[in-house]
Amino acid sequence: MLSIKNLKVEIQGKEILKGINLEARAGEVHAIMGPNGTGKSTLASVIAGREVFDVTGGKIIYKGKNLFDLSVEARACEGIFLGFQYPVEIPGVSLVNFMKTALNEQRKYKGLDPIPAKEFLQKMEQTKKLLEMQTSLTTRSVNEGFSGGEKKKNEIFQLAMLEPTLAILDETDSGLDIDALRVVASGVNKLRTENNTFIVITHYQRLLEYIVPDFVHVLFDGRIVKSGGRELAIELEEKGYEWIRQHT
Amino acid sequence: MTPILTENTFKEKMLKLFDDNLRSNFSSDNEYIRNIRKQAIGDFVKFGLPDTKTEGWQGTNLSKPLMLEYKQHFKPFEKDVDVEKIFMCEVHDLESYLFTQLNGWLVFKDESLSTLPGGIVVGSLASAFKAMPRVIENHYARYSKVSNNGFVALNTAFAQDGLFIYVPDGVVVDKPIQIINIINLTENLFIQPRNLVIMGKNSKLQLLHCDHSLLHKQSLINSVTEIILTENSELEYYNLQNKDSDSTLITHAWVEQHSFSRFLSNTLTLNAGIIRNNMNVNLNGQGCETNLYGLYLVDKEQHIDNNIMVDHQKPNNNSNQLFKGILDDQARAVFNGHILVRKDAQKTNAYQKNRNILLTDKATVDSNPQLEIYADDVRCSHGSTVGQLDPGAMFYMRSRGISEDVARMALMNAFASEIIHKINIAPLRNRIDEMVTKRLRGELSICDQCILDCNERRKYSFDIDLSRINC
Ligand SMILES: Nc1ncnc2c1ncn2[C@@H]1O[C@H](COP(=O)(O)OP(=O)(O)OP(=O)(O)O)[C@@H](O)[C@H]1O
Ligand SMILES: [Mg+2]
């Protein structure tokens, strides 16, 4: 599914990612943890195609394709989804229209006709129900005036609507209350299949109790310094990042 | 040619025309009108036309259009011009009382002044001068001020026709009144339309004013609209401007508001040659509401200048200005928004915002919000922004699979929609929404048809026999 080889990324001449290696196969869930400012969101953004970063080395292969050959929107149409750490407000664009446009653009890319209106509405209603989302949210402008938790839920709503094959969730758990966390996690679990891959960026072991990862990676100062199973997350929570620092 | 020389030439031309007309076309005016004309021509001589050194006019240079030769007509067309042959203006599902001003003269079939249900009088101002001298004396040229430019004086000196509306006390006009101002001539034309809207106490009206040009000839319009809102009356005033690149449009609206009156204006500029809109609102009563909105979409060499003055003369009034623009290519926008809160105008709420999106680095905006406050218990704010489309929002949309073009369109539409949603006439709002989308896609041209109906089927040919027009 995804293969990252020795990825090096700079922003404004400052090196953020210093050689990342990561292999993720279909059906797997990977968790990435690590202290603030170590480059987790940078990695996620580079996979999604954000242009402000300079890739100075390495490559990313996704479904056999060189990701750097694909535009941001083409990556999305190829099944990559980024759940933003800080979802963006778009005043004047309603969530319904946004979602319909996105779905139809992705269908167009695949050579499909636009989704029939009824089918779209049904899908939207089902997804809202799945995530216990307030119905009025979809008629409002995208993320505008949404609470922190509502914004995060909205990311998962979009994920469920678009059904990507590679979903990267950047701190989707932060800002969610305990109930919302459970709802979101069970939503994600329902979307898990043997054909898709999740990369979950989080600071908290708690999320991983709900979305159980196959692998946990620790990103530290631009490098993945430790990888392991689920137990690594528990160990990290007990010992803190100082423990990592001493062992690298 | 230097601007000064041009101005003098223009001035001399106007003075000579005025003298000629006093003896001919103006000779049938009643005394009140004649006196107003004479005083106005004096003011015109005194103040002259503004140039780029005049306060409030620095951003708009009119020396080029003023240098051109124009035809002026001081007599109306034949009365039986069939407007429907000229064009059909159809906002789908919009029912309106429709009036047309063609090359400066109001076109009518049977009667130059019609009486609508409730005793509303609408029609040609030229006829109202004669038929309703008392009303005219009470209101005409009472609200417009010469201020710092001679255009208003010039219009007042020469004005002969335009739309006259009188809504009696307590009457709510059941359908919008629509006036379409068309320029369509095979020669350069200079016209000075004059409109007067009188709103009786507790009356209500929605007025739609469309300005557009049909043939690509140079045109200069210098229009003045006076609006009086007496106690507790309400007017919505929509201005749709879709002008070709060879046109210069200078508009002046003078709005006088009495207590508890409500005025909403929405000026939508979809294409321009040079446009300068002046809007002056005098809040001469208490408990008034004033909402002034504007949207301009300009590209190429187009120029749009909105000059707003809200004069809070009395306490307890609310005013709000929101003007938004999208500029492409080398287009230029000027916004001068002036809020004046006089000493007695306590408990004033006055807000103003101008927001612009520049799509290129050659497009320019000159935005000057101005607050002048002499009262102490007031709430005022102003702000202006000039920026690009939000790159964060662009990335967010693209990351969902939306292509760059579609995302850009969606963001521009969203930006414009805030103003479009202030249109309270649903069919008009929907049509404008479509037109703005078309415009942003580059598909809206200055149609050779009414801009409100770009329906191919209705493509018309010109049936006006120019030999029948008295010049
Ligand atoms: N646009 C930018 N301009 C300058 N520096 C940036 C930019 N974006 C990220 N950085 C820097 O890159 C480093 C990595 O940031 P990143 O957001 O990837 O961290 P993170 O691991 O996601 O942190 P957190 O856990 O706080 O979300 C930080 O030092 C950050 O300040
Ligand atoms: Mg982050």
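1. In this predicted model, A:Ser41 counts as partly exposed, because its relative accessibility is 26% and the partly exposed class lies between the limits of 20% and 50%. A:Gln85, with a relative accessible area of 16%, is buried, since buried means under 20%.

2. These two residues are of interest for the metal site. A:Ser41, through OG, and A:Gln85, through OE1, are the protein donors of the magnesium ion (ligand 2), at 2.0 to 2.1 Å from it. The pair links distant parts of the chain, the two residues being 44 residues apart. A:Ser41 belongs to helix H1 of chain A, whereas A:Gln85 sits in the loop between strand E6 (80–83) and strand E7 (90–94) of chain A. Water is not among the atoms, so the site may look incomplete.

3. Which residues come nearest to ligand 1? Of the 15 residues around ligand 1, they are A:Gly37, A:Lys40, A:Ser41, A:Thr42 and A:His203. A:Ser41 is thus named both here and as a magnesium donor.

4. The shell around ligand 1 divides into 9 polar, 3 nonpolar and 3 charged residues. Two elements of chain A, strand E2 (14–24) and helix H1 (40–48), each supply at least two residues of this shell. Its largest share, 3 residues, comes from H1(A).

5. Several polar contacts to ligand 1 may be inspected individually. A polar side-chain atom of A:Thr42 lies 2.5 Å from an oxygen atom of ligand 1, and a polar side-chain atom of A:Asn36 lies 3.0 Å from an oxygen atom of the ligand. For A:Thr38, a backbone N or O atom is the partner, with a distance of 3.2 Å to an oxygen atom of ligand 1. Taken alone, ligand 1 exposes 630 Å², of which the protein buries 66%.

6. A separate point concerns chain B. Is strand E11 (residues 234–242) of chain B mostly covered or mostly open? The strand is mostly covered, with 9 of its 9 residues buried. B:Glu234, B:Glu236, B:Tyr238, B:Leu240 and B:Asn242 point one way from E11(B), while B:Leu235, B:Tyr237, B:Asn239 and B:Gln241 point the other way; all are buried. Charged and nonpolar side chains, B:Glu234 and B:Leu240 among them, point one way from the strand.

7. The pairing of this strand can also be stated. E11(B) is joined by 9 bridges to strand E13 (residues 262–271) of chain B, and the two run parallel. Within E13(B), B:Asn266 is the bridge partner of B:Tyr238, a residue that is itself buried.

Key:
Residues numbered from 1 in each chain as written. Chains lettered and ligands numbered in written order. Predicted model: local features only at pLDDT ≥ 70, side-chain atom pairs only at ≥ 80, totals over all residues. Heavy atoms only, no water. Near = heavy atom within 4 Å. Polar contact = N/O pair within 3.5 Å; in protein donor to acceptor, adjacent residues only side chain to side chain. Areas by Shrake-Rupley, 256 points an atom, 1.4 Å probe, with all protein chains shown as cover. Helix = DSSP H or I, 4+ residues; strand = E, 2+ residues; numbered from the N terminus. Donors = N, O, S within 2.8 Å, 3.2 Å for Na, K, Ca; no water. Buried < 20%, exposed > 50% of the residue type's maximum accessible area, 1.4 Å probe, protein only. Pairing = 2+ DSSP bridges.
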